[in-house]
Amino acid sequence: MNVDSRARLMLSVLVALILTVLPLPPWLDVVRPAFLVLTVIYWSVNAPRAGGLAIGFFAGLLLDVFQGPVLGEHALALSLITYIAVREHQRIRSKPAIQQALIVFAALILYEVVLFMIDGWTGNPVTSPLRWVHTVTGALLWPPVAAILSYGAGHRV
Amino acid sequence: MAAFGTGAGRPLGGRGGSAGFRFTLYALLSVIMMYLDQRAHYLEQVRYILQAAAYPLQLAVNSPPAAWRWLKESLQTREALSAENERLRANARDLGLRAMRYEALARENGELRGLRDALPPVADRWLPAEIVNIQLSSLRQRLLLNRGVANGVFKGQAVLDDKGLIGQTTHVGPWSAEVILITDPEHAVPVRVERTGLRTIAVGAGDTTSLALPYLPGNADIKSGDLLVTSGLGGVFPEGYPVARVTEVHRDAVQPLAQVRAAPLAHVDTDSEVMLVWFRAGHPAAPAPAASGELKGGNPAMQPQPAPPKSRATPEPASPPPPAPRSEPARALPTQTTAAAHDTAAPKRAERSPGAPAAAAPAAETSAAGAPAAGAAAAATVPGQEQP
């Protein structure tokens, strides 16, 4: 872990955040994957010491500021995902890309379940089935996202 | 930033406890934050600061579409510009004529209400605001405007465009404000059917072209094409602003409720500029203050009052005559006298009071002022005036 990879981490988080809040037409918005969650999962798995839980928590907090009904909602969900990813990083890292995508799919479902429950508890229930669409596109986009994020690294951190 | 400073070869989660411990810490922090934000609203300041910090990024994200619009505008041909100029001029002429008629109508209306002068318009001040960021998904329909506390914007302020209601502000930062649209599934606006006066609530349906009216019974008098205007209840929007037009009424014999859809009049998805509005407090059409404050506290004047005294015809053998008329009218009757004398501005309420003298509304504002002074003489004249 050095200054270079830390800069790459921050840059990727910023780009992911921009992709998340970029205004898109509604049909594209439904299928937009949670780029920030994918990025955080990537760094948790491939550089668990660099990002770790703090990155998950603060990225979640950013999401809350941009699109959360209550502060702390995305922070909690993303902390949970990050914790699991950091704990299991060695097992996830050794899997081929297809299996990784399946694991990411499960993680995204868990993330959305947490958001769904908090939405219900705080009185902002969103029961539309469309909210689950992004988990599928997120899993499908995992291999290219992981490839882009590891581009130029040359080695696993 | 404890987690960024890392030493090579450090065991995972060496500093700051194990990963599990830190996760528990962050989860606890999140839950506390959610509790404070949701239940106690302690985090308005924090949100304010975070929103200020996030604003530059939102501006940056919006810059490509904005640049494209600017480029398109600056590359317009001379013919297109002059055509638009012509159209705008015609439009302005049309609006000027309409405004003239509106002035006349307003004056007439004011006279009909028994006021001396025409009412001042309910909107006190307008501020155009530019849309900086748009979220139009089926789950969240929000706008971000480039006006904030620095411009006097407050939470729960009405946002309009030239055709109708857009929404209201939810979070206000120093230079930006988030607006929840009337089409957001979490938003509901109290409306009135203009044709019949029927009051109901319009709930956002999650797309920019429709609102749902889920609380109308199957036999409600509503049909396609009806105009929905704000009803002035709820404390945010003033009365009489157009909201939507009914597009679809579906009645099912087995369903107790009608399924009604309406299309919002405001161009929620194509606007690039909206209006923030300040309303004149105390104007008859201004939004009524939210009911919670008064009803919870229990306004003593609104409580049922003791029954009016029996008519003088029944004699009271035991009690001495002088004290009785002085005390009893002072309790119940001045309501009617003062309502008739002072309350010229609200003829409807004066009509209502003779019918139900015991629980009449005017008691609220008049009993305190007029009760002791009115005395027995004034009270004696009341029945002759008000009961034909």
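**Exercise 1. The interface**

Work out how many residues of chain A are in contact with chain B, and which helices of chain A supply them.

*Solution.* Start with the count: 38 residues of chain A are in contact with 39 residues of chain B. Keep in mind that we're working with a predicted model here.

Next, go through the helices. On chain A's side, α1 (3-21), α2 (26-31), α4 (52-67) and α5 (73-87) each supply at least two residues. The largest share comes from α4(A), with eight residues.

Last, sort that side of chain A by chemistry: 24 residues are nonpolar, eight are polar and six are charged.

**Exercise 2. Two chains, two make-ups**

Describe chain A and chain B by their secondary structure, their buried share and the reach of their contacts.

*Solution.* Take chain A to begin with. Chain A has eight helices and zero strands, so reading from the N terminus you get α-α-α-α-α-α-α-α. Of its 157 residues, 47% count as buried. Now look at chain A contacts between residues at least 6 apart in sequence: 68% of them join residues at least 24 apart.

Then do chain B, where you'll find eight helices and 12 strands. Chain B has 388 residues, and buried ones make up 26% of them. For contacts in chain B between residues at least 6 apart in sequence, 60% join residues at least 24 apart.

**Exercise 3. Classify a helix pair: α7 and α8 of chain A**

Decide how helix α7 (residues 97-121) and helix α8 (residues 133-150) of chain A are oriented to each other, then say what their contact is made of.

*Solution.* Step one is geometry: the two helices pack at an angle of about 150 degrees, and their axes are 8 Å apart. Step two is the class. Angles over 145 degrees count as roughly antiparallel, and α7(A) and α8(A) are therefore roughly antiparallel to each other. Step three is handedness, and this crossing is right-handed.

Step four is the residue list. From α7(A) come A:A97, A:Q100, A:A101, A:V104, A:F105, A:L108, A:I109 and A:E112, while α8(A) brings A:T135, A:G138, A:A139, A:W142 and A:P143. Sorted by type, this contact holds nine nonpolar residues, three polar ones and one charged one.

**Exercise 4. Same routine: α3 and α8 of chain A**

Repeat the analysis for helix α3 (residues 35-46) of chain A and α8(A).

*Solution.* The packing angle is about 55 degrees and the axes are 10 Å apart. That angle makes α3(A) oblique to α8(A). As for handedness, α3(A) passes α8(A) in a right-handed crossing.

On the α3(A) side, the contact uses A:L38, A:T39, A:Y42 and A:N46; on the α8(A) side, A:G138, A:W142, A:V145, A:A146, A:L149 and A:S150. Tally by type and you get six nonpolar, four polar and no charged residues.

**Exercise 5. A barrel in chain B, starting from β1**

Trace the strand order of the six-stranded barrel of chain B that contains β1, and find which helix packs on the sheet.

*Solution.* Follow the order β1-β2-β5-β4-β3-β12: these six strands close into a barrel with antiparallel pairing. From one strand to the next, the twist averages 45 degrees.

Zoom in on one pair. Strand β1 (residues 123-136) and strand β2 (residues 141-145) of chain B pair in the antiparallel sense over five bridges. Within that pairing, B:N133 stands opposite B:L144 in β2(B).

Now add the helix. Helix α2 (residues 44-74) of chain B packs on the sheet and touches β1, β2 and β4 (165-172) of chain B. The direction of α2 makes about 65 degrees with that of β1(B).

**Exercise 6. A barrel in chain B, starting from β6**

Give the strand order of the closed barrel of chain B that contains β6, and find the partners of β10.

*Solution.* The order is β6-β7-β8-β11-β10-β9, a closed barrel of six strands with antiparallel pairing. Neighbouring strands are turned by 40 degrees against each other on average, direction ignored.

One partner of β10 (residues 242-250) is strand β9 (residues 227-230): they pair in the antiparallel sense over three bridges. Here B:L227 stands opposite B:R245 in β10(B).

Another partner is strand β11 (residues 259-264) of chain B, paired with β10(B) in the antiparallel sense over six bridges. Along this pairing, B:A244 stands opposite B:P264, and B:V246 stands opposite B:A262.

How values were computed: Residues numbered from 1 in each chain as written. Chains lettered and ligands numbered in written order. Predicted model: local features only at pLDDT ≥ 70, side-chain atom pairs only at ≥ 80, totals over all residues. Axes fitted to C-alpha atoms, helices over the stretch in contact; angles between N-to-C directions. Helix = DSSP H or I, 4+ residues; strand = E, 2+ residues; numbered from the N terminus. Parallel < 35°, antiparallel > 145°, perpendicular 65-115°, else oblique. Left-handed = near helix turned anticlockwise from the far one by under 90°. Contact = placed C-beta atoms within 7 Å. Nonpolar A, V, L, I, M, F, W, Y, C, P; charged D, E, K, R; others polar. Buried ≥ 20, exposed ≤ 12 C-beta atoms within 10 Å, placed from the backbone. Pairing = 2+ DSSP bridges.
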